[in-house]
Structure formats: C-alpha cells, structure tokens
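Biologist: I am new to this structure, and I would love a close look at one part of it: the place where the ligand sits. Could you walk me through that site and the spaces around it?

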Amino acid sequence: MVADGHGFDGVERRGLMFVLSSPSGAGKTTLSRLLIERMQGLSLSVSATTRPMRPGEVDGRDYTFVDKTTFDAMVKRDELLEWATVFDNRYGTPRAPVEVALSSGRDVLFDIDWQGTQQLREKARADVVSVFILPPSAADLEKRLHTRAQDSDVVIRGRMDRAAHELSHWAEYDYIVINQNVDEAFAEVQSILKAERLKRERRTGLTAFVRELQRQLEK
Ligand code: 5GP
C-alpha cells in the first residue's frame with residue numbers, strides 16, 4: 001500500500017503513517033497543527049465524523065462533517081481505512097487521500113484514538129509510527145478542557161472520565177511524550193519524525209545510493 005517517494009536527501013524511501021493519540025485536552029491538536037506548519041512532506045489526514053461541528057471548526061479542514069447515514073455508506077463501500085465510535089459519535093479515516101499522499105512520497109499525520117491506531121497497525125505495522133501524548137497531570141488536563149471552552153461542563157466531565165480509559169492504552173504506542181510545555185513537546189515529536197524518516201528499512205533507495213558511492217570511490 002505504501003509506495004516509495006524521495007526523501008529530503010534525494011534517497012527514495014517509503015512514506016510513513018505518523019499517528020498522534022492522547023486523551024482529549026492533552027494538546028494533541030496543537031502539536032498536529034505545528035507539525036503540519038513546520039515539517040515538509042507531511043499531510044494531515046482529515047477524518048470524517050458524525051459529531052456536531054464546534055465553534056471555530058471548518059468543514060473539510062478540521063473534519064469532514066457527515067450524518068450517520070453518509071458515514072455508514074462510507075463504511076459499507078470500504079472507503080475508510082479505519083473507524084471507531086468515540087463519545088457516541090463515529091470517526092473514520094478516508095482511505096483515498098492517505099493512499100494519494102503516501103504514493104506521492106509524502107508522510108501522513110493522523111490524529112486518531114487508540115482504536116483507530118490498532119486498526120492501522122494491523123494493516124501496515126512496518127509503516128506506522130505511533131506517539132501517545134500524556135498530560136503532566138489530571139488538573140492540567142481539566143484546565144485545558146475548560147480553557148478550550150468549546151464543550152459544556154457535562155461534556156467536559158465525560159471527557160475526563162474517558163481520559164482514564166484512554167490512558168490505559170499508552171503501552172501500545174511506540175513513543176510517549178509528556179506535554180508539560182508545548183514547545184518542548186513539539187521538539188520531541190519533531191525529533192521522532194525526523195529519526196523515523198532516516199530508518200534504514202524505510203530508505204529503499206539506499207542500496208543504489210551506496211552502490212553509486214562505491215563506484216565513485218573505486219574510480
Ligand atoms: P474530538 O471530538 O475531540 O475532535 O475527537 C475525539 C477523539 O476522536 C480524539 O481522541 C481523536 O483523536 C479521535 N479521532 C478523530 N478522528 C478520528 C478517526 O478518524 N478515527 C479514530 N479512530 N479516531 C479519531
């Protein structure tokens with residue numbers, strides 16, 4: 001499924017699926033936005049969801065907002081790479097844009113929960129790099145959910161209750177970042193992506209590159 005593209009040093013490599021998960025309010029959305037703004041060659045996977053749009057959200061940028069019937073039709077047509085029910089709403093990753101990005105040599109960033117991450121891992125283990133973002137404390141998580149002010153108190157209580165359950169999946173992830181400070185957390189996530197891009201197994205063009213180096217040295 002993952003095609004080869006050119007790395008930034010000109011050596012071909014396989015595109016990777018970079019997954020960020022966390023309890024909501026741990027700062028994952030901010031980190032995703034910074035990654036997209038500052039890292040070249042990275043596309044954001046825009047999920048489809050049945051949840052209502054929040055103030056400030058834009059259809060097609062934050063999510064593709066669809067009704068339940070449309071979502072079910074997408075599932076039936078196998079148009080979603082993975083999907084899950086979160087807080088009584090359905091969320092899923094449209095398959096086509098991911099395949100287009102990967103086959104043109106771009107990496108894809110996913111802001112999805114542990115259920116979606118498990119499904120991606122089952123489909124493409126070698127191409128999935130997963131990062132779990134932890135808040136430094138429960139108080140910090142609650143403060144962020146309130147500051148975001150996009151949800152009612154009842155919804156926030158529900159998200160806090162669910163956070164404990166989501167946290168229990170931390171050990172399934174390749175990397176764990178504690179978001180004490182957004183600049184530091186961003187630097188950590190960025191270094192993970194940079195290092196993973198350099199992994200030998202992903203750099204399909206290395207054999208040819210080294211062979212050419214040897215040819216030049218032997219001249
Ligand atoms: P929110 O409603 O706060 O935007 O997202 C709620 C949760 O759903 C977050 O943990 C987010 O990562 C997750 N989520 C968003 N899109 C998807 C998706 O396409 N698939 C899955 N499995 N989870 C998603």
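Modeller: Gladly! One term to begin with: a residue counts as near a molecule if one of its heavy atoms lies within 4 Å of it. Please also keep in mind that this is a predicted model.

With that cut-off, 17 residues surround the ligand, and S47, R51, Y63, E82 and Y91 are the closest of them. Sorted by class, this shell holds 7 charged, 6 nonpolar and 4 polar residues.

Now for some individual contacts with oxygen atoms of the ligand. K28 places a polar side-chain atom 2.8 Å from an oxygen atom of the ligand. D111 also has a polar side-chain atom at 2.8 Å from a ligand oxygen. For T93, the distance from a polar side-chain atom to an oxygen atom of the ligand is 3.5 Å. How much of the ligand does the protein bury? Taken alone, the ligand exposes 510 Å², and 96% of that is buried by the protein.

Let us step back to the space that holds it. The ligand sits in the largest pocket. Two elements, β7 (80-86) and β8 (89-94), each give two or more residues to the shell around the ligand.

The largest pocket itself contains about 1100 Å³ of space. Its lining is made of 40 residues, and those closest to the pocket's centre are K28, T29, R54, Y63 and D111. You have met some of these names already: Y63 is among the residues closest to the ligand, while K28 and D111 each bring a polar side-chain atom to one of the ligand's oxygens.

Which elements build this lining? Those that give two or more residues to the lining of the largest pocket are α1 (28-38), β7, β8, α5 (138-148) and α6 (153-167). Among them, α1 supplies the largest share, with 7 residues. By class, the lining of the largest pocket has 15 charged, 13 polar and 12 nonpolar residues.

There is a second largest pocket too, with about 200 Å³ of space. It is lined by 13 residues, and R51, N89, D151, V155 and R159 are the closest to its centre. R51 is a familiar name, being one of the residues closest to the ligand. Both β8 and α6 supply at least two residues of the lining of this second pocket, and the largest share, 3 residues, comes from α6. Its lining divides into 5 nonpolar, 4 polar and 4 charged residues.

Finally, what about closed spaces? The count comes to 1 cavity of 30 Å³ or more, and about 30 Å³ of space lies in it. S21, S22, P23, D113, W114, F132 and E166 line this cavity. By class, they are 3 nonpolar, 2 polar and 2 charged residues.

To gather the picture in one place: the ligand sits in the largest pocket, the protein buries 96% of the area it exposes when taken alone, and K28, T93 and D111 each have a polar side-chain atom placed by a ligand oxygen at the distances given above.

Technical notes:
Residues numbered from 1 in each chain as written. Predicted model: local features only at pLDDT ≥ 70, side-chain atom pairs only at ≥ 80, totals over all residues. Heavy atoms only, no water. Polar contact = N/O pair within 3.5 Å; in protein donor to acceptor, adjacent residues only side chain to side chain. Areas by Shrake-Rupley, 256 points an atom, 1.4 Å probe, with all protein chains shown as cover. 1 Å grid on protein atoms, 1.4 Å probe; cavity = no way out; pocket = protein on both sides within 12 Å on 5 of 7 lines; lining within 4 Å. Sits in = over half its atoms within 2 Å of the grid points. Helix = DSSP H or I, 4+ residues; strand = E, 2+ residues; numbered from the N terminus. Nonpolar A, V, L, I, M, F, W, Y, C, P; charged D, E, K, R; others polar. Points joined across faces, edges and corners; volume = space filled by probe spheres on them.
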